[in-house]
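Hi,

Here is the structure I said I would pass on. Have a look at it first, and my notes follow below.

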Amino acid sequence: MSTAIDTDIQVHDPATGELVGRVRPADPDEVDAAVVRARAARDGWARTPATERAGCVRDAAQALRAVAEELARLNETETGRPYDDGLGGVLAAAGTLEQYAELGPVHRGRSLLGSWSATDLMVPEPRGVAAVLTPWNDPVAVAGGLIGAALVTGNTVVHKPSERCPHLGRRFAELVASFLPDGVLEIVDGAGPTGAALAGHADVDVVAHVGSIAAGQAIRQAAAGTGAHVLLENGGNDPLVIDADVDPRWAAEQAALGSYANGGQVCVSVERIYCAAEVAEPFLDALAEEAARWVYRPASTGEKALGPLVDRRHREHVHGHVAAAIADGATVHAGGYLPDGDGAFYPATVLSGLTPAMTILREETFGPVAPVRVVEDFAQGLAEAIDDPHGLAATVLTGSIAHAQQAWRELPVGTVKINSVFGGAPGGAAQPRGTSGTGFGYGPELLDEMTTTKVVHWSPLP
């Protein structure tokens with residue numbers, strides 16, 4: 001047996017600092033064994049009727065609903081995500097599994113119009129073994145989508161949950177696996193070295209990853225040597241552009257929700273705000289008031305839950321961005337300090353007086369920070385929002401149809417939201433741009449990513 005590729009992983013409750021548990025990461029031999037088992041199960045699972053595969057996934061979704069409260073509490077213990085938010089994530093995973101259970105059996109190819117005596121088909125086939133590497137910020141919902149889509153299309157899966165919530169990730173994956181034949185869903189624990197061993201494995205056919213830009217770039221390089229198909233949703237630096245014609249108090253409510261929900265640890269959190277000078281002063285005043293309402297364990301009407309960050313290491317990253325901005329002349333309207341006591345709490349923060357070169361505007365902070373840059377007008381705000389290498393999502397608040405049209409046409413991102421920082425109809429799917437990733441990571445189009453198409457031309461004997 002090879003030496004472990006990482007030391008034991010310790011998980012601490014980010015609210016108290018108490019030890020939750022230890023997990024031993026899989027060594028290279030164990031990663032290889034998991035892939036071998038998944039490959040051995042591949043042909044049998046691919047030949048299982050699509051309705052039977054879907055039935056297994058549907059049964060898993062029902063079982064997931066039955067333990068949703070347990071998983072939400074475990075999520076809160078490992079990552080600090082407030083219980084209600086975590087419960088919503090678990091139920092979203094169950095809904096996504098049910099959705100893919102419906103879509104899988106009707107995921108179809110096409111017949112082509114060739115000669116009268118021949119049959120021509122385009123047939124989707126599973127890619128084979130899918131490596132699924134999922135994050136800590138919405139661990140069950142993301143895993144449910146990627147694993148569900150892979151399974152219903154006939155792929156087998158090796159799943160590595162985030163090392164920041166390994167107990168939750170394993171509990172979820174083992175529940176789903178209990179409804180599947182042996183080898184169809186394997187689980188490996190570990191951090192970066194385990195993920196690298198899995199992503200670069202020669203017998204992995206598709207790698208799906210949601211996480212940091214650095215990890216995504218390493219995965220892309222590893223897969224380049226194997227030919228595996230790669231799906232990446234990586235970091236974003238999502239802008240919010242506020243036009244001069246909007247109510248500044250309503251805009252502050254939107255900005256606070258986008259910046260502070262789940263402690264700012266959402267893939268499409270608002271990371272940088274461009275506010276037209278005409279409404280900047282009342283907007284900043286209202287945003288500071290909103291920040292004061294986001295607190296740990298709300299006790300009064302109007303207060304909203306702000307849990308701790310996932311751990312102290314991440315808090316250091318967040319405060320590093322804030323402290324650098326303050327050192328360079330930023331004005332603090334709320335928060336901006338390291339609180340005393342245990343845990344990884346960080347206050348809802350509002351900054352202004354920012355310049356485009358500041359790190360807090362150029363890189364993803366991923367914390368409860370609302371950095372506001374006051375711009376002359378909508379045109380300047382949109383231009384600066386566009387000037388960024390990331391390409392995940394963006395939000396625009398405006399009453400102008402012309403400005404809204406210009407924004408969604410010009411913003412080089414996968415998702416544009418007009419007048420709402422969150423939301424959207426079910427079934428949508430987007431492709432991130434730039435350093436934020438590649439490929440469809442959700443929606444019906446994810447089934448296309450998990451399959452490859454074969455053309456069949458069948459002529460009669462002469």
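First, a caveat: this is a predicted model. On secondary structure, the protein has 15 helices and 20 strands.

Now the overall shape. Laid along the principal axes, the C-alpha atoms of the protein fill a box of roughly 80 × 55 × 40 Å. The radius of gyration is 23 Å, and a compact globule with 462 residues would come out near 23 Å, so the two agree. Buried residues account for 52% of the 462 residues. As for the contacts with a separation of 6 or more, 71% of them join residues 24 or more positions apart.

On the outside, the protein has an accessible surface of about 19300 Å², and carbon and sulfur atoms contribute 52% of that. The charge count is 33 positive and 58 negative side chains. If you take the centre of each set, the two lie 5 Å apart.

One element I went through in detail is helix α13, which covers residues 378–386. Which of its residues are buried? They are Phe378, Gly381, Leu382, Glu384 and Ala385. Looking down the axis of α13, these buried residues fall within an arc of 165°, so they line one face of the helix. And what covers them? The cover includes the strands β10 (239–242), β11 (272–276), β16 (369–375) and β17 (393–397), along with helix α14 (401–410). When you open the model, α13 and the elements that cover its buried residues would be my suggested place to start.

Cheers

How values were computed: Residues numbered from 1 in each chain as written. Predicted model: local features only at pLDDT ≥ 70, side-chain atom pairs only at ≥ 80, totals over all residues. Heavy atoms only, no water. Helix = DSSP H or I, 4+ residues; strand = E, 2+ residues; numbered from the N terminus. Rg over C-alpha atoms; globule rule 2.2 N^0.38 Å. Buried < 20%, exposed > 50% of the residue type's maximum accessible area, 1.4 Å probe, protein only. Contact = heavy atoms within 4.5 Å. Areas by Shrake-Rupley, 256 points an atom, 1.4 Å probe, with all protein chains shown as cover. Lys, Arg positive; Asp, Glu negative; His and termini not counted. Charge placed at Lys NZ, Arg CZ, Asp CG, Glu CD. Arc of directions from axis to C-beta.
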